[in-house]
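I opened this structure to look at its pockets, at how its helices pack, and at one residue of interest. My notes follow in the order in which I looked things up.

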Amino acid sequence: MRAWRAYIVASHMLEYRLHRELQEGHGISHADYEILVRLSEQPGHQMRMSQLAVDVASSKSRVSHQVARMEAAGLLRRIGCPSDGRGVFAVLTEKGFDQLKQAAPTHVEGVRRHFVDLLSREEQEVLARVFDRVITHLHGDGD
């Protein structure tokens, strides 16, 4: 129970701190930053909305609302899939890529200061294995 409760509190506190640092420093949310990162890592800086939702561990409808807000801000745009009339791609714009480049040092520094530097190399490896196992389980049948 102690491990579970510590995880819940620490993960919420870490998420809040990273969000606040990005919001105060760059005017974007942590969730926006994660979408910008995912798009920046893809060929053509684009990916299907359905895959984007999976990659950021969110629902399709939540990602759709978030993408609409980011599109209104000029950070990305949506285009139809040429091979599937129902599919939609999110595409990183130049403004979005610039925003990502400005915010990345803040985020990296925050992750390092509030998480990575607090753990030994061995602890980092153990946590990576544990959470890889949890992710694999939850992507499976979840039972």
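Before sorting any lining, I fixed the classes: Ala, Val, Leu, Ile, Met, Phe, Trp, Tyr, Cys and Pro count as nonpolar, Asp, Glu, Lys and Arg as charged, and the others, Gly among them, as polar. I also kept in mind that this is a predicted model.

Entry on the pocket. I looked up the largest pocket and found a volume of about 1900 Å³. Of the 41 residues that line this pocket, I noted Tyr7, Ser11, Leu14, Glu15 and Phe131 as the closest to its centre. Sorted by class, the lining comes to 25 nonpolar, nine polar and seven charged residues. I then asked which helix gives the largest share of the lining; H1 does, with 12 residues. At least two lining residues each come from H1 (2-26), H2 (30-40), H3 (49-55), H4 (60-72), H5 (94-114) and H6 (121-139).

Entry on packing. For H2 and H4 I read an angle of about 85°, with the axes 11 Å apart, and since angles of 65 to 115 degrees count as roughly perpendicular, I recorded the two helices as roughly perpendicular to each other. H2 brings Ala31, Asp32, Ile35 and Leu36 to the contact, and H4 brings Gln66, Val67, Arg69 and Met70. I divided these contact residues into five nonpolar, one polar and two charged.

Entry on His107. I located His107 in helix H5 and asked whether His107 is buried or exposed. His107 has a relative accessible area of 10%, and because buried means under 20%, I noted His107 as buried. Leaving aside neighbours within four places in sequence, I found His107 in contact with Leu18, Leu22, His30, Tyr33 and Glu34.

Technical notes
Residues are numbered from 1 along each chain as its sequence is written. This is a predicted model: local features need pLDDT of at least 70, side-chain atom pairs count only at pLDDT 80 or more; totals for chains, interfaces and linings use all residues. Side-chain values use heavy atoms; hydrogens and water are left out. On a 1 Å grid over the protein atoms alone, a cavity is a set of points where a 1.4 Å probe fits but cannot get out, and a pocket is an open set with protein on both sides within 12 Å along at least five of seven lines; lining residues have an atom within 4 Å of a point. Grid points are joined across faces, edges and corners, and a volume is the space filled by probe spheres set on the points. Helices (H or I, at least four residues) and strands (E, at least two) are DSSP runs, numbered from the N terminus. Axes are lines fitted to C-alpha atoms, for helices over the stretch in contact, and angles run from 0 to 180 degrees between N-to-C directions. Angles under 35 degrees count as roughly parallel, over 145 as roughly antiparallel, 65 to 115 as roughly perpendicular and the rest as oblique. Contact means heavy atoms within 4.5 Å. Buried means under 20% relative accessible area, exposed over 50%, partly exposed in between (1.4 Å probe, protein chains only).
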